[in-house]
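Dear colleague, thank you for asking me to look over this chain with you. Please have the model open beside these notes, and read the points in order.

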Amino acid sequence: MNASSNVSQLDALHLELLHAAIPQQYDTIGVMMPGVAGRIGCRASAYRSAAKRLCRSGAGNVESVLAAFLSDAQCRRTQGRGYVQEVLWTVMLAASQAEGIPFAKRLEWLDKLAQCIDNWASCDLLGEAVKDFTLPQNEAAAFAFLDALIKSRNLWRIRLALVLMLAHMAPAGSRPLKRAVQLSSAPEVLT
């Protein structure tokens, strides 16, 4: 797949979400997310639906849209422009829920998406959506990922780590929960 088809897929996703936008929703969200730019006012069902459609189209399609989004986000950051939050949220959901993605690859995607997070809603959405985080075979990689997020000293990456721990480690039982509590007591979290 060439770069122009990736861009057109991202553009198509953006247009789909624009079509689903409800101005009243934008006004309501604006109250709950002050200072967060780049919202178009979609209901959660619209971006969740778009993410499911992306997931059904296959891991390769999710990866190409993710690559296009990350490239566009990097370009926008260097120009001092924001990106559309609902597009970010759709890509986050698709990347964290697509079937057939090896856990190491999923963590690589999540790490790249974590660089785009600049608000609590994105942290919470991504942290809750991740699949396979507490499977025994993924435990070592999951904790290494959490540790790297915490040691980054970035407010949003630390919050993402905490949300991942609350959403996945607490329900998983005693051993993962004890390790999560130790991580959440790190100086980077407490300061």
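The numbered points below go from the chain as a whole to one helix and its neighbours, and then to some single residues.

1. Please keep in mind throughout that this is a predicted model. The protein chain holds 11 helices and 0 strands, and its order along the sequence reads α-α-α-α-α-α-α-α-α-α-α.

2. Of the 191 residues in the protein chain, 45% are buried. The accessible surface of the chain amounts to about 9600 Å², and carbon and sulfur atoms account for 56% of that surface. If one takes the contacts between residues at least 6 apart in sequence, 71% of them link residues that are at least 24 apart.

3. The next points concern helix packing, and a word of background may help. A pair of packed helices is described by the angle between the two axes together with the distance between them. Helix α5, which spans residues 85-97, is a convenient place to start, since it can be followed against α4, α6 and α7.

4. Helix α4, residues 59-78, packs on α5 at an angle of about 145 degrees, with the two axes 10 Å apart, and the crossing of this pair is left-handed. On the α4 side the contact is formed by Val 62, Val 65, Leu 66 and Phe 69, while α5 contributes Val 87, Leu 88, Val 91, Ala 94 and Ala 95. Sorted by class, the residues of this contact are 9 nonpolar, with no polar and no charged ones.

5. With helix α6, residues 103-114, α5 packs at about 165 degrees and with the axes 9 Å apart. Angles over 145 degrees count as roughly antiparallel, and α5 and α6 are therefore roughly antiparallel to each other. The crossing here is left-handed. From α5 the contact takes in Leu 88, Val 91, Met 92, Ala 95, Ser 96 and Gln 97, and from α6 it takes in Arg 106, Trp 109, Leu 110 and Leu 113. The classes in this contact are 7 nonpolar, 2 polar and 1 charged.

6. Helix α7, residues 120-129, has an axis that comes within 9 Å of the axis of α5, and the two cross at roughly 15 degrees. Angles under 35 degrees count as roughly parallel, so α5 and α7 are roughly parallel to each other. Their crossing is right-handed. In α5 the residues concerned are Gln 85, Leu 88, Trp 89, Met 92, Leu 93, Ser 96 and Gln 97, and they meet Ala 121, Ser 122, Leu 125, Leu 126 and Ala 129 in α7. This contact divides into 8 nonpolar and 4 polar residues, with no charged residue.

7. Is Val 91, a residue of helix α5, buried or exposed? Its relative accessibility is 2%, and because buried means under 20%, Val 91 counts as buried. Apart from neighbours within four places in sequence, Val 91 is in contact with Leu 13, Val 65, Leu 66, Phe 69 and Leu 113. The C-alpha atoms of Val 91 and Ala 50 are separated by 8.9 Å, although the two residues lie 41 residues apart along the chain.

8. His 168, which belongs to helix α9, is also worth a look. This residue has a relative accessible area of 13% and is therefore buried. Which residues does His 168 touch, not counting those up to four places away in sequence? They are Gly 127, Glu 128, Val 130, Phe 133 and Thr 134. Between His 168 and Val 130, 38 residues apart along the chain, the C-alpha atoms are separated by 8.7 Å.

9. Finally, two backbone angles deserve a check by eye. Most residues other than glycine have a negative phi. Asp 132, however, has a phi near 65 degrees, a positive value in a residue that is not glycine, and it lies in the loop between α7 and α8. With 34% relative accessibility, Asp 132 counts as partly exposed. Arg 153 likewise has a positive phi of about 65 degrees without being a glycine, and Arg 153 is placed in the loop between α8 and α9. The relative accessible area of Arg 153 is 57%, and Arg 153 is therefore exposed.

Methods
Residues are numbered from 1 along each chain as its sequence is written. This is a predicted model: local features need pLDDT of at least 70, side-chain atom pairs count only at pLDDT 80 or more; totals for chains, interfaces and linings use all residues. Side-chain values use heavy atoms; hydrogens and water are left out. Axes are lines fitted to C-alpha atoms, for helices over the stretch in contact, and angles run from 0 to 180 degrees between N-to-C directions. Helices (H or I, at least four residues) and strands (E, at least two) are DSSP runs, numbered from the N terminus. Angles under 35 degrees count as roughly parallel, over 145 as roughly antiparallel, 65 to 115 as roughly perpendicular and the rest as oblique. A crossing is left-handed if the near helix is turned anticlockwise from the far one by less than a right angle, and right-handed if clockwise. Contact means heavy atoms within 4.5 Å. Ala, Val, Leu, Ile, Met, Phe, Trp, Tyr, Cys and Pro count as nonpolar, Asp, Glu, Lys and Arg as charged, and the others, Gly among them, as polar. Buried means under 20% relative accessible area, exposed over 50%, partly exposed in between (1.4 Å probe, protein chains only). Accessible areas come from the Shrake-Rupley method with a 1.4 Å probe; for residues, only the protein chains shown count as cover.
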